[in-house]
Amino acid sequence: MEKPVILAVSSCRPKVFRGELQLNGTQATHCYFNPPIPEFIDSVTEYRERFLAHPPLAINRQRSNDMAIERFRNRHTIAELVTHNLNNYRSVDFTCEATIEQVAGNRDWFYKSCNDCSLRVLEDIDHPNRYTCRTHRTHATCKHTYCFKTIVNDTTTTAFFTFFLDAGNAIVGHTCKELVTVRGYDQPHELPPVVQAIEGQRIYCRSTT
Ligand SMILES: [Zn+2]
């Protein structure tokens with residue numbers, strides 16, 4: 001069937017689900033492909049003006065149990081992803097592959113976070129060992145969480161990726177807690193060599209909008 005295909009759906013019931021408007025089918029619901037109505041021509045014209053000049057990203061929502069397939073599902077370049085409004089692709093898993101060119105050394109590579117969540121804690125300068133989270137209680141201890149910023153490139157463009165939590169653990173190969181509390185890299189503004197060493201590393205990324 002020649003594109004665009006215009007689908008008219010009748011007799012639906014509007015409903016709000018998880019804060020979003022959606023249409024539910026009823027017994028009277030009918031679907032009409034390319035219906036012979038005046039609005040059909042308007043819809044075709046609008047489609048050609050909006051989408052043919054800037055084609056939407058090809059999307060496959062079917063997940064696979066095979067990780068080798070999953071790693072390439074919805075694979076797009078960074079240039080493609082940054083030139084589209086990803087808010088139009090709700091709950092879509094995008095994948096891309098890139099190289100870490102540089103770890104930004106001009107900003108903190110970790111922060112002290114709450115024991116109950118990943119929010120940054122406030123330290124009480126008058127009372128050591130008092131760490132306060134804005135949504136949880138005050139703790140006597142805190143966690144150490146990666147937050148290092150990198151410049152990545154996939155040959156189409158350059159972008160900034162910031163690594164937090166498990167993504168930081170995976171790419172560095174050590175937990176942030178180990179680097180800070182065991183190896184003694186306890187200054188947030190002094191990048192440890194083991195974090196700097198990820199420069200040049202090839203990464204596979206997956207993001208969900
Ligand atoms: Zn918290």
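1. Arginine 13 belongs to strand β2, which covers residues 13–17, in what should be read throughout as a predicted model. With a relative accessible area of 54%, arginine 13 is exposed, because the cut-off for that class is over 50%. A long-range reference for this residue is arginine 202: the two are 189 residues apart in sequence, and their C-alpha atoms are 49 Å apart in space.

2. The loop between β2 and β3 (20–24) holds arginine 18, whose backbone deserves a look when torsions are checked. Its phi is near 50°, a positive value in a residue other than glycine. Arginine 18 counts as exposed, at 76% relative accessibility. A second residue with this feature is asparagine 129, which is not a glycine and yet has a positive phi of about 65°; asparagine 129 is placed in the loop between β7 and β8.

3. As for the overall division of the protein, the assignment gives domain 1 (7–52), domain 2 (67–97) and domain 3 (98–208). The centres of domain 1 and domain 2, taken over C-alpha atoms, are separated by 26 Å.

4. The zinc ion has four protein donor atoms, namely SG of Cys114, SG of Cys117, SG of Cys133 and ND1 of His136, and these lie 2.2 to 2.4 Å from the ion. The angles among the four donor atoms run from 107 to 114°, and the site is tetrahedral. Along the chain, the donors follow the spacing C-x2-C-x15-C-x2-H. Cysteine 114 and histidine 136 link distant parts of the chain, being 22 residues apart: cysteine 114 is in the loop between β6 (110–113) and β7 (122–123), whereas histidine 136 is in the loop between β8 (131–132) and β9 (138–139).

5. Is each of these two donors buried or exposed, or does it fall in between? Cysteine 114 counts as buried, at 0% relative accessibility, whereas histidine 136 is partly exposed, with a relative accessible area of 34%. The labels differ because buried means under 20% relative accessible area, while partly exposed lies between that limit and the exposed class, which is over 50%.

6. The largest pocket encloses about 390 Å³ of space. Its lining consists of 18 residues, and those that lie nearest the centre of the pocket are Cys96, Phe161, Cys205, Arg206 and Ser207. By class, this lining comprises 15 nonpolar, two polar and one charged residues. At least two lining residues come from each of α3 (78–82), β11 (158–164), α4 (165–172) and β12 (202–208). In terms of domains, domain 2 (67–97) and domain 3 (98–208) each contribute at least three residues to the lining of the largest pocket.

7. The second largest pocket holds about 240 Å³ of space. Which residues line the second largest pocket? They are Arg50, Phe51, His54, Pro55, Pro56, Thr83, His84, Asn85, Asn88 and Tyr89. Divided by class, this lining has four nonpolar, five polar and one charged residues, which may be set beside the 15 nonpolar, two polar and one charged residues of the largest pocket.

8. Two buried strand residues complete the note. Phenylalanine 94 is found in strand β5, residues 93–103, and is buried, with a relative accessible area of 1%; its C-alpha atom is separated by 19 Å from that of threonine 150, which is 56 residues apart from it along the chain. Threonine 145 is in strand β10, residues 143–153, and is likewise buried, with a relative accessible area of 5%. Between threonine 145 and phenylalanine 17 the separation is 128 residues in sequence and 35 Å in space, C-alpha to C-alpha.

Note on methods
Residues numbered from 1 in each chain as written. Predicted model: local features only at pLDDT ≥ 70, side-chain atom pairs only at ≥ 80, totals over all residues. Heavy atoms only, no water. 1 Å grid on protein atoms, 1.4 Å probe; cavity = no way out; pocket = protein on both sides within 12 Å on 5 of 7 lines; lining within 4 Å. Points joined across faces, edges and corners; volume = space filled by probe spheres on them. Helix = DSSP H or I, 4+ residues; strand = E, 2+ residues; numbered from the N terminus. Nonpolar A, V, L, I, M, F, W, Y, C, P; charged D, E, K, R; others polar. Domains from an automatic or database assignment. Donors = N, O, S within 2.8 Å, 3.2 Å for Na, K, Ca; no water. Tetrahedral: all angles 85-135°; square planar, octahedral: opposite > 155°, others 65-115°. Buried < 20%, exposed > 50% of the residue type's maximum accessible area, 1.4 Å probe, protein only.
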